[in-house]
Structures are given as structure tokens and as C-alpha cells.
Amino acid sequence: MTAISPTEDVSAFDGAPAWRRLAIALALSTCSGIGLWSIVVSLPYIEAAFGADRGGASLPYTATMLGFAAGGVLMGRLADRYGTRMPLMAGGVLLALGYGVAALSQSIWQLSLVQGLLIGLGASGGFGPLVADISLWFRRRRGIAVAIIASGNYLAGTVWPPILQAAIEAHGWRIAFAGLGVMVICTVVPLALALRARPPAELAADVAAQEAGRAAAMMSKGTLQALLLLAGLSCCVAMSMPQVHIVAYCADLGFGPARGAEMLSLMLGFGVLSRLVFGVIADRVGGVRTLILSSTLQCLALAFYLPFDGLTSLYVVSAMFGLAQGGIVPSYALIVRQYYPAAEAGTRIGAVLMMTILGMALGGWMSGEIYDYTGSYAAAFVNGIAFNLVNMSVAAWLLLGPRLATPRTA
């Protein structure tokens, strides 16, 4: 928990303006988040349209994640320097343009370039900058606030896949993508214009001084950042296996892509609930302990995919996975805000989120290649479990290491 000075005006952080801003930011994140999930839902159709194998059809997703990852740092720096509206508006324009161009793609490589350079980069404007921005407006309820805004991409994954699936079946994936471009430009840009105010500068400066001191008392800034980057990469390699390939997995098992889209929606819907619950937990026990708990539960849920592959059991396991892993990514933002100055929030959080997205990109590609090599997803699930164990080890060290190591100044 963050110590609060008796002289500080806490309402300036946790008051009604902060909650109104959070509501607008959540709507923005949900609309921008379609950029992460549209390619997952359309994967089987793109595979058929371009005659690609599973690994090749996964390339547009990997490109999307790479663009999203690169945008995490770029958009974070823009937000730190110019405010949150600039990366949001730029992201909305890039997304709309990307979907229009993607609908005209004639090869898997063209589609991959568009997904990475336009859609992935554009979607990043609606995630990292918003997480960092909201963390500056809350102190007592920072855990739940960050959890809510971090749920935006999960809400996108809950709301949009069934809608997009129906649109693809009715009109084809190209028309559906063009429609997404219209939706984005009509929602993201107007909502971005509503985010104008910034947190009180004098209070933000006080918070920055306090948190910089805590960072120095724990370990060097570079060591902590490196550990968070490793944790972010490893957790999301594990997370990507069911999130990226559940639609294709269900198609392989004979259940059809529509059942897979429903499972993805169920998984991410429970992920929203999970993030809210873990947000409340984080306000009580802190970001590091929340990371350990959520990562351990994710590993257990991932293991359940190995023995259970029936239709009903996959629905249950997907719901369990969503409930387990929702606390991981918000925990990184809480750890950064606890140990780094507020003025560095956008860049620091963006860097960690960049590694989580690289983990999703790497894991999505690895799972496709493992499938092509082995003919099943069993080894891909084992690969995810191995990376999850790395994340759990880093989280445990973050909890125990500072007590065992000699403190260093930043």
C-alpha cells in the first residue's frame, strides 16, 4: 500500500473526476482493443483464403503483437511528453486506416505488414498510455482502477469476437474488416477528445518524490526493470497458447471455429471479472503478491488443457483460465507505480507492457510452429507451462529477493 501524507488532498486523486475519466478510458480501451482480437477470430478464414499452413497463418497475429509492443514504448513516451490524447487519436486513425488496407490485402505477407505497422501500432495507443494515465489519478484505489482500465482489452475480446464471427460468416472477413475501420474512427477519436484534464501537478510531484525513494531503498532501477521485463515476456508466452489458438484448436477437434470464438469470449469475459477481483486483492496485499497468486493459478489452469479436450470440459477450462490470469498484467503497472516516479509512468509501464505483448507474439508463433511440427497442441501447452514457471520464479524473487540482498541505491 502507498503511504499517504496527512496533508495531501486525497480526493484530488480518487474523487469523482478520476472515476469519470476511468469510465471514458475504459470505453476507449474496449474500442481500440479490437485490434488485438480481430486477427484471432479470422485466423481460420485467412488460412483458407491464402492457402497458408497454421504457422504461416499465425504470422499476421505475430506482426500485430510486434507492432503493438513497439507502440507501447512509443505511445508511452508521447503520453509522458504531450498528454494522453495525442497517442489515443493517432492510434484511432492508424487503426481505421489499417482495417481499410487489410481488407484489400492479396497475400499473407501484405496482411502481416498491415497488421503490424498500422493495426498493431494503432491499438497500442489505447492500452499502455491509458493504464499509465489512470494510475496517476488514483492512490487508495489504484489497484482496482488499474484493473478496470486493464480490462478494456479483455472487454474487447468478450464483446467483439461473436460480433465479428457473425459478420465474417455473413459477409466474409474483408467486408467485416472494413466495417471495423468505420467503427473505430467513429468511436476512438471522439472519446479521445474528452480526455483533457491532467492530474494535479503539485501532488504528482510529491508522489514522484516518495516513490523514487522507495525504488532506491529496494534495488537499482535497472535491476527491477529487467526483472519486470523478463516476467512480462514469460507470463504472456504462456498466456498466448489458449488465447491465440483456442479457435483453431476447436476447429481441429471438430467442434468448429464458432465454438472456439465462444470459448475465447468466455475466457476473456471471466478475465474481466478476474481483473476486478485481483484489483481489490492488490489494494490489500500489493502488486508483487498479486502477481505471484495470479501467475500460479494461470499455470494450474493451463495444465488442465492437457487431459481435458471435450466440448463441455473446454468451456469449463477456458472459464477457469480466464479467472486465473486476469491479475498478472495489471500487477506490473502497480509495481512500476510503487517503485518509480510518476513522471516516468508512461515510459516504464509501456516498456513492461511491450514485453508482455512480445510474449504474446512469440508464444502465438511458437504454438503454431509446434503444432505444425508435432501435429497437435499438447507440446504447445507444455511449452506454455514451462514459461509460466519462469514467471512464477521471477515473481517469487521480487517478493523474497529484496529481503535477502544488500540494498542498493538507484
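The questions and answers below look at a few residues of this predicted model and at the reasons for the words used to describe them.

Q: Why is Ser331 called buried?
A: Ser331, which is found in helix α18 (residues 328-339), has a relative accessible area of 0%, and because buried means under 20%, Ser331 is counted as buried.

Q: What makes the approach of Ser331 to Leu291 a polar contact?
A: The side chain of Ser331 reaches the backbone nitrogen of Leu291 at 3.5 Å, and a polar contact is a pair of N or O atoms within 3.5 Å, so the distance meets that limit. Leaving aside neighbours within four places in sequence, Ser331 is in contact with Leu291 and also with Gly287 and Thr290.

Q: How do you know that Asp133 and Arg21 form a salt bridge?
A: Their side chains meet with N and O 2.7 Å apart, and since a salt bridge asks for a side-chain nitrogen of Lys or Arg within 4 Å of a carboxyl oxygen of Asp or Glu, the pair qualifies. Asp133 lies in helix α9 (residues 128-135) and Arg21 in helix α2 (residues 16-32), so the pair ties together parts that are 112 residues apart in sequence.

Q: Are Asp133 and Arg21 buried or exposed, and why?
A: Asp133 has a relative accessible area of 7%, and Arg21 likewise has 7%; because the limit for buried is under 20%, Asp133 is buried and Arg21 is buried.

Q: What makes Glu262 and Arg259 a salt bridge, and where do they lie?
A: The closest N and O atoms of Glu262 and Arg259 are 2.7 Å apart, which is within the 4 Å that a salt bridge allows, and the two residues both lie in helix α15 (residues 257-285), 3 residues apart, about one turn of the helix. A search of the whole structure finds 2 salt bridges.

Q: Why are Glu262 and Arg259 called partly exposed?
A: Glu262 has a relative accessible area of 35% and Arg259 has 28%; because partly exposed covers the range between under 20% and over 50%, the term applies to Glu262 and to Arg259.

Q: What makes Leu297 partly exposed, and which patch includes this residue?
A: Leu297, in helix α16, counts as partly exposed because its relative accessibility is 34%, between the limits of 20% and 50%. Leu297 is one of the residues of a nonpolar patch on the surface, with about 560 Å² of accessible area together. The elements that give two or more residues to this patch are α16 (287-303) and α17 (311-325), and the largest share, 3 residues, comes from α16.

Definitions and conventions
Residues numbered from 1 in each chain as written. Predicted model: local features only at pLDDT ≥ 70, side-chain atom pairs only at ≥ 80, totals over all residues. Heavy atoms only, no water. Helix = DSSP H or I, 4+ residues; strand = E, 2+ residues; numbered from the N terminus. Buried < 20%, exposed > 50% of the residue type's maximum accessible area, 1.4 Å probe, protein only. Polar contact = N/O pair within 3.5 Å; in protein donor to acceptor, adjacent residues only side chain to side chain. Contact = heavy atoms within 4.5 Å. Patch = residues over 30% accessible without salt bridge, like charges linked within 9 Å, V, L, I, M, F, W, Y side chains within 5 Å. Areas by Shrake-Rupley, 256 points an atom, 1.4 Å probe, with all protein chains shown as cover.
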